[in-house]
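Biologist: I would like to learn how to read a structure that is new to me. May we go through it feature by feature?

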Amino acid sequence: MPSADESLQSKQFVTLDTLTAAGVTENGLSYGAKAVTFQVTVATIGTNVVIRFEGSLDGISYFNLDQNNVDTTITSNSTTGYCLSNCPVNYARLRLVSLSGGSPSVAALICAG
C-alpha cells in the first residue's frame with residue numbers, strides 16, 4: 001500500500017474542503033509543481049471574503065503564494081480562477097482569512113502542473 005506522501009505525489013487535481021469560517025483546507029497538490037491553479041467558488045456571500053493561497057515545501061510551514069504577500073478579496077457569489085506560476089511547491093492549500101456578513105461558503109479545487 002502506498003504511503004500518504006506517495007499517494008499525494010500522484011494527484012494533479014484535488015478537491016479541497018469547503019470553508020464556512022476562518023481557517024485552512026487540508027493539504028493538496030503533487031510534489032514539484034511549478035504552476036498551481038485554484039478554482040474558488042463562493043456562495044451566500046454577505047459583504048466579502050478574504051482568502052490567501054498558501055504553499056509549502058515541507059507540508060508543515062506555509063507561506064503566501066502571492067509575490068507581494070497580498071490576500072485576495074472576493075465581493076460577490078462567483079467562481080473564479082487564479083493561476084500562479086513560477087512558484088514550485090510540494091503542497092498547497094487555501095486559507096479563509098476573514099468574512100464579512102452573511103454565511104458564506106468557500107469551496108476550492110487545485111490543479112498542479
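The dialogue below moves from the whole chain to its strands, and then to its charged side chains.

Modeller: Let us begin with the kind of model: this is a predicted one.

Biologist: How confident is the predictor in the chain, and where is confidence lowest and highest?

Modeller: Confidence is read from pLDDT, which averages 87 over the chain. A score of at least 70 is reached by 88% of the residues. Helix α1, residues 4–9, has the lowest confidence, with a mean of 53. The highest value belongs to β5, at 96.

Biologist: Which helices and strands does the chain contain, and what pattern do they follow?

Modeller: The chain holds one helix and seven strands. Along the sequence their pattern reads α-β-β-β-β-β-β-β.

Biologist: How much of the chain is buried, and how much area does the chain expose?

Modeller: The chain has 113 residues, and 39% of them count as buried. The exposed area is about 5900 Å², of which carbon and sulfur atoms supply 51%.

Biologist: What do the contacts say about residues that lie apart in sequence?

Modeller: One takes the contacts between residues at least 6 apart in sequence and asks what share of them joins residues at least 24 apart. In this chain that share is 78%.

Biologist: Let us turn to the strands. With which strands does β3 pair, and in which sense?

Modeller: Pairing is read from the bridges between strands. Strand β3 covers residues 33–56. With strand β7, residues 91–112, β3 pairs in the antiparallel sense over 18 bridges. Nine bridges connect β3 with strand β6, residues 78–89, and these two also run antiparallel. Strand β5, residues 72–74, is joined to β3 by three bridges, again antiparallel. Finally, two bridges link β3 and strand β4, residues 63–64, in the antiparallel sense.

Biologist: Which residues stand opposite one another in these pairings?

Modeller: One example may be taken from each pairing. T37 has C83 in β6 as its bridge partner. V49 lies opposite I74 in β5. R52 faces R95 in β7, and the bridge partner of E54 in β4 is N64.

Biologist: What is found between β3 and β4?

Modeller: The two strands form a hairpin with six residues between them. In this hairpin, G59 takes a positive phi near 80°.

Biologist: How should I read a single position within β3, such as N48? Is N48 buried or exposed?

Modeller: In general, the side chains of a regular strand alternate between the two faces of the sheet. For a single residue, one then reads the accessible area and the contacts. N48 counts as buried because its relative accessible area is 18%, and the limit for buried is under 20%. Leaving aside residues up to four places away in sequence, N48 touches T73, I74, T75, L99 and S100.

Biologist: How many salt bridges are counted, and which side chains does E54 meet?

Modeller: The general idea is that side chains of opposite charge can pair when their charged atoms come close. The count here comes to four salt bridges. E54 meets R52 in a salt bridge at 3.5 Å, N to O. Another salt bridge joins E54 and R93 at 2.7 Å, N to O. That pair links distant parts of the chain, since E54 is in strand β3 and R93 is in strand β7, 39 residues apart. E54 and R95 also form a salt bridge, at 2.7 Å, N to O. This pair likewise links distant parts of the chain, with E54 in strand β3 and R95 in strand β7, 41 residues apart. Through shared partners, salt bridges join R52, E54, D71, R93 and R95 into one network.

Biologist: Which of these charged residues are buried, and which are partly exposed?

Modeller: E54 is buried, with a relative accessible area of 4%. R93 also counts as buried, at 13% relative accessibility. R52 is partly exposed, at 21%, and R95 is partly exposed as well, at 25%.

How values were computed:
Residues are numbered from 1 along each chain as its sequence is written. Side-chain values use heavy atoms; hydrogens and water are left out. Helices (H or I, at least four residues) and strands (E, at least two) are DSSP runs, numbered from the N terminus. Buried means under 20% relative accessible area, exposed over 50%, partly exposed in between (1.4 Å probe, protein chains only). Contact means heavy atoms within 4.5 Å. Accessible areas come from the Shrake-Rupley method with a 1.4 Å probe; for residues, only the protein chains shown count as cover. Two strands pair if DSSP finds at least two bridges between them. pLDDT is the predictor's confidence in each residue, from 0 to 100.
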